[in-house]
Amino acid sequence: MKNIAVIGAGTMGNGIAHTFAQSGYKVQLIDISEESLKKGMDTISKNLDRMVAKEKISEDQKNETLENITAFTEISEGVENASLVVEAATENTDLKLKIFRHLDQSTSEDTILATNTSSISITQIASEVSNPERVIGMHFMNPVPVMKLVEIIRGYNTSDEVTKTIMDLSEKLNKVPVEVNDYPGFVANRILMPMINEAIETLYNGVAGVYEIDTVMKLGMAHPMGPLQLADFIGLDVCHSILEVMYDGFKNPKYAPCPLLTNMVRAGKIGVKSGEGFYDYSESRKAEKVSSQFNS
């Protein structure tokens with residue numbers, strides 16, 4: 001397995017492309033937007049520069065990594081000759097189903113089709129493909145080049161052979177793969193998102209402020225960042241989407257998004273990428289200043 005196609009040049013997609021390319025794989029990075037492709041490649045280059053500055057890689061390794069990546073705006077062209085396709089588009093069910101219908105027509109029957117979805121059913125996605133045994137979940141964590149975990153999710157029809165291939169491949173990327181079954185939220189988000197939602201409920205109910213809630217979890221539970229800061233980092237829109245998938249899947253009210261989260265998403269205050277969420281990022285991308293709406 002030498003040629004890897006990655007669909008989506010956003011935060012997760014460019015991180016996945018970076019990781020494969022740095023491990024010596026030829027990567028075809030695909031996005032319908034040329035602007036997104038340029039931004040994704042710029043991000044990869046900047047992240048590699050940081051690694052060079054920290055002496056984790058050499059300048060030659062940086063250049064080799066960038067040379068391993070080729071950009072495409074057409075899926076059918078980009079997936080040509082790929083042994084594995086990793087879909088990392090926006091966390092939207094309809095979009096992912098559309099992409100996999102396209103992949104079913106554009107790839108050979110022995111091409112493994114993986115999705116980086118963090119919550120959407122692998123079995124549902126695989127239903128769009130004529131041979132669903134080749135579809136699997138490959139849920140990387142953000143930031144992809146740094147985080148060790150890859151959640152490997154078996155759909156109802158995913159074959160043992162495909163699962164073993166992806167588990168072995170993840171180890172070759174110097175990652176730690178963990179196999180889980182296909183239920184809403186899988187393991188990572190089934191545990192993480194209710195915690196984030198409960199932190200938002202705690203703020204919503206006036207129990208404590210943003211800084212106080214995050215400080216309790218950082219100092220009391222040894223979390224590297226508080227749940228509200230983490231929500232901003234993930235994107236409140238993404239958190240909201242995942243909770244809705246889980247709520248729809250389990251029909252359990254404990255997964256229903258907090259009204260405060262819903263209102264913030266509607267208002268466009270979705271965290272780091274919008275410049276404001278629970279914290280204000282207008283002056284720094286670090287969570288140093290609590291948003292004015294929570295300062296009263």
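**Briefing: a listed binding site, helix α11 and two domains**

D31 sits in the loop between β2 (26-30) and α2 (34-53). The model is predicted. The protein chain is divided into domain 1 (3-181) and domain 2 (189-290). Three topics follow: the listed binding site, helix α11 and the domain layout.

**Binding site residues**

- An unreviewed UniProt entry lists G8, A9, G10, T11, M12, G13, D31, E91, K96, S118, N142 and K273 under "binding site".
- Is D31 buried or exposed? D31 is buried, because its relative accessible area is 15% and the cut-off for buried is under 20%.
- The side chain of D31 reaches the backbone nitrogen of A9 at 2.9 Å.
- Leaving aside neighbours within four places in sequence, D31 contacts G8, A9, G10, S36, L37, F72 and T73.
- G8, A9 and G10, contacted by D31, also appear in the "binding site" list of the unreviewed UniProt entry.
- G10 lies in the loop between β1 (3-7) and α1 (11-22).
- G10 has 37% relative accessibility, so it counts as partly exposed.
- Beyond its neighbours within four places in sequence, G10 is in contact with G15 and D31.

**Helix α11**

- Helix α11 covers residues 236-250, 15 residues in total.
- What span should α11 have at 1.5 Å a residue? The expected span is 21 Å, and the end C-alpha atoms are 21 Å apart, so the two agree.
- Which residues of α11 are buried? They are L236, C239, H240, I242, L243 and M246.
- These buried residues cover an arc of only 165 degrees around the axis, which means they lie on the same side of α11.
- An α-helix has 3.6 residues a turn, so residues three or four places apart point the same way.
- The cover over the buried residues of α11 includes α8 (188-204), α10 (227-234) and α12 (259-266).
- K251 comes just after α11 and takes a positive phi of about 55 degrees.

**Domain layout**

- The centres of domain 1 and domain 2, taken over C-alpha atoms, are separated by 26 Å.
- The contact between them takes seven residues from domain 1 and five residues from domain 2.
- From the unreviewed UniProt entry comes the feature "domain: 3-hydroxyacyl-CoA dehydrogenase C-terminal", placed at residues 185-281.
- Residues 185-281 are 62% helix and 0% strand.
- The end C-alpha atoms of residues 185-281 lie 28 Å apart.

Terms used. Residues are numbered from 1 along each chain as its sequence is written. This is a predicted model: local features need pLDDT of at least 70, side-chain atom pairs count only at pLDDT 80 or more; totals for chains, interfaces and linings use all residues. Side-chain values use heavy atoms; hydrogens and water are left out. UniProt positions are given in the numbering used here, feature names are shortened, and annotations may be inferred rather than shown by experiment. Helices (H or I, at least four residues) and strands (E, at least two) are DSSP runs, numbered from the N terminus. Buried means under 20% relative accessible area, exposed over 50%, partly exposed in between (1.4 Å probe, protein chains only). Contact means heavy atoms within 4.5 Å. A polar contact is a pair of N or O atoms within 3.5 Å; within protein, one must be able to donate a hydrogen and the other to accept it, and residues adjacent in sequence count only if both atoms are side-chain atoms. The expected span of a helix is 1.5 Å times one less than its number of residues. The arc is that of the directions from the helix axis to the C-beta atoms. Domain bounds come from an automatic or database domain assignment.
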